[in-house]
Amino acid sequence: MEFTNIAYVVGAVCFILGIKMLSHPRTARKGNGIASLGMLIAIIATLLNPENFGPDGKPLISFQYIGIGIIIGTIIGGIVAQKIEMTQMPQMVAIFNGLGGGASALVASAEFFSEYNQFENTFLPVTIILSVLIGTLTLTGSFIAFGKLQGFISGKPIVFPAQQLFNALILVSIFALGYLIIMNPVDLKLFYVVLIAAAILGITLTIPIGGADMPVVISLLNSYSGIAAAATGFVLMNNALIISGALVGASGLILTQIMCKGMNRSLQNVIFGAVGGDVSGGSGEAQELNIKSYSTEEAVMIFDAAEKIVIVPGYGLAVAQAQHAAREVGEWLELQGKTVLYAIHPVAGRMPGHMNVLLAEANIPYEQLKDLDEINPEFEDCDVALILGANDVVNPAARHDKSSPIFGMPILNVDKARTVIVNKRSMNPGFAGIQNELFGYDNTIMVFGDAKDMLNQLLSDFKEL
Amino acid sequence: MIDIFTVFILAIFVGNEIINKVPPTLHTPLMSGSNAISGIAIVGAIIATKVGGEIGSWLGFIAIIFATINVVGGFLVTDRMLKMFKKR
């Protein structure tokens with residue numbers, strides 16, 4: 001047993017070191033390897049734990065179940081990890097969050113069924129109920145988030161009357177039932193009702209959240225899956241689960257805060273606000289915008305005279321699968337001796353850091369990817385800001401128009417650049433459903449069309465120059 | 001009992017310190033990697049195949065599948081992503 005606990009400490013140290021090495025892209029891959037080594041150590045130590053063997057050396061745990069389970073899980077996990085598209089990463093993380101929460105809830109349930117007629121104190125049933133509650137709502141909430149991201153369920157907020165009251169009632173009844181279970185654990189029906197109620201709560205908490213807020217929800221569910229693991233750690237008095245769960249819980253919470261800050265929203269507003277669907281009206285009447293539409297040939301002239309170019313990719317770029325075309329244009333411009341940087345807004349993708357992964361996939365070196373704080377001072381002496389499929393995150397109304405729904409949201413100050421070139425498919429407003437005054441600015445020109453076609457056209461026009 | 005609470009609280013603080021140092025560029029790998037770490041529930045799942053007799057073993061079995069998908073899928077996909085982050 002001593003050696004098992006020592007191995008758990010080693011595993012936990014590996015996790016901490018692994019995350020620490022994620023502080024730089026150079027060391028990150030090695031860090032991930034160290035973290036997976038830590039997991040292997042923890043698993044082997046558990047399998048070899050002397051407590052799992054009887055005095056005659058016969059195993060008390062079912063190596064058959066364990067072996068088959070690990071084989072099935074490895075095959076599914078391995079295939080998903082290889083096949084998944086980078087644009088679908090949020091969906092995959094959502095599902096994995098759910099499975100993590102589900103595993104914790106199952107383990108706590110197993111413990112309940114083995115101990116319910118012999119609880120010695122209230123600590124064990126309390127932790128079991130907490131673990132089941134958090135784990136189960138993570139499972140169902142994650143599947144709803146997955147459905148919204150994949151388009152199986154409408155991205156619009158789904159609301160019904162007195163939704164928050166309903167959620168509050170469910171939560172209160174779960175705690176009431178939990179109290180009854182502690183008083184009378186042998187009544188298994190109560191436990192099943194808690195399970196079902198937690199499953200419903202996960203659904204009703206997630207359906208009112210709009211598609212645009214999914215980055216926050218995924219981060220939050222990520223945090224829950226960690227908290228569920230930690231709660232299960234308390235059930236089993238197992239340090240490996242407690243430490244790892246705490247790390248993941250903290251990580252998810254930090255990312256949740258970063259996402260909320262990126263949208264200038266409070267967590268309560270995201271969870272209970274039911275926005276991000278079709279916001280009608282917005283800031284009063286849509287102003288008349290005086291738009292200048294250019295062809296790619298004309299745009300090439302502007303690029304030719306420029307020295308410093310900042311490319312601002314939005315999610316529309318990824319949807320159009322135009323990352324590679326953007327990289328080709330960027331490389332061409334660099335060959336002409338120009339400086340090219342990429343400005344990445346915190347909520348540019350569908351999950352934290354998503355856009356960076358999509359650009360890395362297109363072989364854009366990470367040194368060129370700049371986050372909000374790094375890039376904003378650069379716009380002052382920037383000749384051309386090229387906006388590809390981004391909208392709300394470059395809307396200057398966020399800085400000055402108090403009536404705008406996005407007022408106060410940190411934005412990329414692209415309007416400070418000498419010339420702003422905006423590529424859009426059409427004049428449709430962005431996620432927040434509001435018109436962007438940037439498009440009517442004197443230094444803004446619009447090049448309409450599909451991002452990939454436009455970039456390819458731009459490249460061939462460059463080469464003809 | 002107080003020991004494991006101490007461990008829990010300290011782990012949260014350590015987590016806060018190191019995660020705040022992860023740059024936004026690597027937030028997606030951080031998330032999928034920490035996801036894999038939350039698959040540590042597999043340790044509990046292994047123990048669960050012992051505790052509960054028939055029901056417990058089945059619940060443990062399903063939990064092992066879930067957690068293994070999490071661990072294997074999470075670490076592999078994180079590696080796949082991090083491989084793409086290249087220097088100039």
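How many Å separate the centres of domain 1 of chain A and domain 2 of chain A, taken over C-alpha atoms? The figure is 37 Å. Keep in mind as you click around that this is a predicted model, scored at ipTM 0.96 and pTM 0.91.

**Stop 1: all of chain A.** Select chain A and hide the rest for a moment. Its C-alpha atoms fill a box of roughly 85 × 50 × 30 Å along the principal axes. Switch to cartoon and you can go looking for 17 helices and six strands. Chain A has 465 residues, and 53% of them count as buried. If you like contact maps, here's one for the notebook: among contacts in chain A between residues at least 6 apart in sequence, 78% join residues at least 24 apart.

**Stop 2: the two domains.** Colour 87–275 of chain A one way and 296–464 another; those are domain 1 and domain 2 in the domain assignment. Now look at where they meet: 16 residues of domain 1 of chain A are in contact with 14 residues of domain 2 of chain A. On the domain 1 side, pick out α4 (89–115), α8 (214–236) and α9 (239–263) of chain A, the elements that each give two or more residues to the side touching domain 2. The largest share comes from α9(A), with five residues. Colour that side of domain 1 by residue class and you get 12 nonpolar, four polar and no charged residues.

**Stop 3: where chain A meets chain B.** Bring chain B back. The contact takes 90 residues from chain A and 76 residues from chain B. On the chain A side, select α1 (2–21), α2 (25–48), α3 (63–83), α4, α8, α9, α14 (354–361) and β3 (369–371), each of which supplies at least two residues. Which element of chain A gives the most to the side that touches chain B? Zoom in on α4(A), which puts in 17 residues. By class, the side of chain A that touches chain B has 54 nonpolar, 30 polar and six charged residues.

While you're here, note that α4, α8 and α9 of chain A are on the list for the side touching chain B and also on the list for the side of domain 1 that touches domain 2.

**Stop 4: chain B by confidence.** Finish by colouring chain B by pLDDT. The chain B average is 93, and 98% of the residues score at least 70. Select helix α3 (residues 41–51) of chain B for the lowest confidence in that chain, a mean of 90. Then jump to helix α2 (residues 27–38) of chain B for the highest, at 96.

Technical notes
Residues numbered from 1 in each chain as written. Chains lettered and ligands numbered in written order. Predicted model: local features only at pLDDT ≥ 70, side-chain atom pairs only at ≥ 80, totals over all residues. Domains from an automatic or database assignment. Contact = placed C-beta atoms within 7 Å. Helix = DSSP H or I, 4+ residues; strand = E, 2+ residues; numbered from the N terminus. Nonpolar A, V, L, I, M, F, W, Y, C, P; charged D, E, K, R; others polar. Buried ≥ 20, exposed ≤ 12 C-beta atoms within 10 Å, placed from the backbone. pLDDT = per-residue confidence, 0-100.
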